Amino acid sequence: MTTASSSQQARHGSARICRGCWDQMHMPIPIGGPLALPFRALGITRSKMNPDICTICERSFQYVKKQRQITADATILFADIRGFTDLSERIEAVQLSEIVSLFQDRCAQAIWAHDGIVNKQMGDGLMAIFNFPIVRKDHASAAILAAQEIQGNCTAALNGLALEALPGRTLGVGVGIHSGEVQIGEFSTFRSDFTAIGGVVNQAARLESHAAAGEILISAETAAKAPDLAAGAETRRLALKGIEQPVQARVLVKH
């Protein structure tokens, strides 16, 4: 039997068993093929966070990890549409929703392709986690590659919709990435789906807020974990809100 994590999937959404349950519990939960039918009847289906994991991973963290929270090494990615606030004041809600839907879809496809999960969607922005529940030792590289695909996939498509709605306007995407130890688990008494919190998450969000359209800002920690992808990148010294000391970020620019 081929395990869920022994090799890269041909494409995201093709996993026959949940890659998260396999990596975290070594438990083969069927999510594709005839064996998945009884599980679907019990409400166990592919997760919206990543179609290669299941809703057990998404909603039953304590069952999977036997505790409410864990500390894990991970890479966090934030992405956001630049110019969206200004645009939202000038076009109709239907056109705005088309732009948001396209952005979220293109980002998700890129994140899933590199084994990340879309953990939060916040209108014109999102947060992704790499290395949980699908294990990727090269999670920093995976996040950077996903960010590059986000930039490549989103820019032309977003500008096509923006120009159609409001000629002369352009849109872009800013991305921030940071790696390190995060707290992952359930932090709410009324929701069971997991998330990540901590300084690494906060710094990734702050980096994203400083990224111009077309830029990917990665922390020094992420760059150290993915030296080949960060080679030759410009260094930018940033004062980030809530972080006492200036931060050295590396700037990957879409060309």
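# Questions on a predicted model

Trainee: Which is His-26, buried or exposed?
Mentor: The relative accessible area of His-26 is 55%. Buried means under 20%, exposed over 50%, and partly exposed in between, with a 1.4 Å probe and protein chains only. At 55%, therefore, His-26 is exposed.

Trainee: How were these values obtained?
Mentor: The model is predicted, so local features need pLDDT of at least 70 and side-chain atom pairs count only at pLDDT 80 or more, while totals for chains, interfaces and linings use all residues. Residues are numbered from 1 along each chain as its sequence is written, and side-chain values use heavy atoms, with hydrogens and water left out.

Trainee: Phi of His-26 is near what value?
Mentor: His-26 sits in the loop between helix 1 (19–25) and helix 2. Helices (H or I, at least four residues) and strands (E, at least two) are DSSP runs, numbered from the N terminus. Most residues other than glycine have a negative phi. For His-26 the value is positive, near 55°.

Trainee: And Asp-115: buried or exposed?
Mentor: Asp-115 lies in the loop between helix 6 and strand 2. Its phi is positive too, near 70°. The relative accessible area of Asp-115 is 3%, so this residue is buried.

Trainee: Which residues does a cis peptide bond join?
Mentor: Most peptide bonds are trans. Here one bond has an omega of about 0°. Its proline is in the loop between strand 3 and helix 7. The cis bond joins Phe-132 and Pro-133.

Trainee: Which residues line the largest cavity?
Mentor: A cavity is a set of points on a 1 Å grid over the protein atoms alone, where a 1.4 Å probe fits but cannot get out; lining residues have an atom within 4 Å of a point. The structure holds one cavity of 30 Å³ or more. Its lining has six nonpolar residues, no polar and no charged (nonpolar: Ala, Val, Leu, Ile, Met, Phe, Trp, Tyr, Cys and Pro; charged: Asp, Glu, Lys and Arg; polar: the others, Gly among them). They are Cys-57, Phe-61, Val-64, Phe-132, Pro-133 and Phe-194.

Trainee: What is the volume of the largest pocket?
Mentor: A pocket is an open set of grid points with protein on both sides within 12 Å along at least five of seven lines. Points are joined across faces, edges and corners, and a volume is the space filled by probe spheres set on them. For the largest pocket that comes to about 400 Å³.

Trainee: Which of the lining residues are closest to the centre of that pocket?
Mentor: The lining divides into six nonpolar, six polar and seven charged residues. Helix 6 (93–113) and strand 2 (117–122) each supply at least two. Of the 19 lining residues, the closest to the centre are Met-49, Val-118, Asn-119, Lys-120 and Asp-193.

Trainee: The side chain of Ser-47 makes a polar contact with the side chain of which residue?
Mentor: Ser-47 is in the loop between helix 2 (37–41) and helix 3 (55–59), and its 4% relative accessibility makes it buried. A polar contact is a pair of N or O atoms within 3.5 Å; within protein, one must be able to donate a hydrogen and the other to accept it, and residues adjacent in sequence count only if both atoms are side-chain atoms. A polar atom of the Ser-47 side chain lies 2.9 Å from the backbone nitrogen of Met-49. The side-chain partner, at 2.5 Å, is Glu-58.

Trainee: What distance does the polar contact between the side chains of Thr-71 and Gln-183 have?
Mentor: Thr-71 is in strand 1 (residues 69–82) and is partly exposed at 47%. Beyond four places in sequence, Thr-71 is in contact (heavy atoms within 4.5 Å) with Glu-181, Val-182 and Gln-183. The polar contact to the Gln-183 side chain is 2.3 Å.

Trainee: Which element gives the most to the largest nonpolar core?
Mentor: A nonpolar core is a set of buried Ala, Val, Leu, Ile, Met, Phe, Trp, Tyr and Cys residues joined through side-chain atoms within 4.5 Å. The largest has 42 residues; Leu-77, Ile-99, Phe-103, Leu-158 and Ile-177 have the most contacts inside it. Elements giving two or more residues include strand 1, helix 6 and strand 4 (172–185). With eleven residues, the top contributor is helix 7.
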